Amino acid sequence: MPESTTMSRQRSSALVTLFVAAGLLIVLFAAGWIGGLRVNTTPSEPLGLWRIVPLTRAARSGETVFVCPPDNVTMREARQRGYLRPGLCPGGFGPLIKTVIAVAGQRVDVTDRVAIDGVPIPRSRIIERDAQGRSLRHDLSGMVRAGEVYLHSDFIGSWDSRYFGPVPVSGVLGLAQEVLTYAP
């Protein structure tokens, strides 16, 4: 058998193998997406694979959730600054993974840190400037209104309700469940 025929068959076999592998990856990715699997690449929560678990009730304080941020001026500016990733939420934002720390009827006090109903929240210090030295506005004190939740992450550099205020509960996609994660 000529050498060129052997090389041609090897190339054909390699291409078929490559296309089958790519097809399998696409199917696995689609199945994971449909099954609620997401990859977190931000330090606000452990890195890795997470699952969105549907909620059949209102989110409660202390629960970690996936939430679509509202499409507003504050979030668009955050996207321009690189605080938010692109994604399939309204406005083209990626969903956030945050812990609910206050629900409707609870009082949020924002000073140099956050307190809920007079109880200080650990690791909630307010920073005045981002890593690029740009000024950060912070949320104002007040009551969480019906239809809203107040979100937090223990990571000091997290973009959460400390800076953008409460978000609509309609944006909550479900509970955030760790599947395969790593906390550096």
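# A tour from an exposed loop to the core

Begin by selecting D117, which at 43% relative accessibility counts as partly exposed, because that class covers the range between under 20%, called buried, and over 50%, called exposed. The model on your screen is predicted, and the stops below move from this residue through a disulfide and the aromatic rings to the pockets.

**Two residues with positive phi**

While D117 is still selected, look at its backbone: phi is positive, about 50°, although D117 is not a glycine. Most residues other than glycine have a negative phi. The place to look for D117 is the loop between β6 and β7 (119–120). Next select R123, which sits in the loop between β7 and β8 and has a positive phi near 55°, again in a residue other than glycine. R123 is exposed, with a relative accessible area of 52%.

**The disulfide**

Now show the side chains of C68 and C89, which are joined by a disulfide with an S to S distance of 2.0 Å; a search of the whole structure finds one such link. The link between C68 and C89 is left-handed, with -70° about the S-S bond. It connects distant parts of the chain, 21 residues apart, since C68 belongs to the loop between β3 (64–67) and α2 while C89 belongs to the loop between α2 and β4. Both cysteines, C68 and C89, are buried.

**The aromatic rings**

Select W159 next, together with Y83, Y163 and F164, for these four residues form one aromatic cluster. The structure holds three aromatic pairs, and one of them is W159 with Y163, a stacked pair whose centres are 5.9 Å apart and whose planes differ by 10°. Both W159 and Y163 are buried. Turn then to W159 and F164, where the ring centres lie 5.8 Å apart and the planes meet at 55°, so this pair is tilted. F164 and W159 are both buried as well.

**The nonpolar core**

Keep W159 in view and widen the selection to the largest nonpolar core, which has 30 residues, and in which W159 is among those with the most contacts, along with L84, V108, V114, I116, Y150 and L151. Elements giving two or more residues to this core are β3, α2, β4, β5 (107–110), β6 (114–116), β9 and α3. If you colour by element, look for β4, which gives the most to this core, with four residues.

**The two pockets**

For the largest pocket, which holds about 980 Å³ of space, centre the view on N40, T41, T42, R85 and P95, the residues nearest its centre among the 44 that line it. Elements that each supply at least two residues of this lining include α1 (3–34), β1 (37–40), β2 (47–53) and β4 (96–103). By class, the lining of the largest pocket divides into 26 nonpolar, eleven polar and seven charged residues.

The second largest pocket has about 440 Å³ of space, and of its 29 lining residues the closest to its centre are T74, D139, Y163, F164 and G165. Which element gives the largest share of the lining of the second largest pocket? That element is α2, with five residues, while β8 (142–143), β9 (148–152), α3 (161–164) and β10 (167–168) are among the elements that each supply at least two. The lining of the second largest pocket has 16 nonpolar, seven polar and six charged residues.

Key
Residues numbered from 1 in each chain as written. Predicted model: local features only at pLDDT ≥ 70, side-chain atom pairs only at ≥ 80, totals over all residues. Heavy atoms only, no water. Phe/Tyr/Trp six-rings, centres within 6.5 Å; stacked < 30°, edge-to-face > 60°. Buried < 20%, exposed > 50% of the residue type's maximum accessible area, 1.4 Å probe, protein only. 1 Å grid on protein atoms, 1.4 Å probe; cavity = no way out; pocket = protein on both sides within 12 Å on 5 of 7 lines; lining within 4 Å. Points joined across faces, edges and corners; volume = space filled by probe spheres on them. Nonpolar A, V, L, I, M, F, W, Y, C, P; charged D, E, K, R; others polar. Disulfide = S-S within 2.5 Å. Core = buried A, V, L, I, M, F, W, Y, C linked by side-chain atoms within 4.5 Å.
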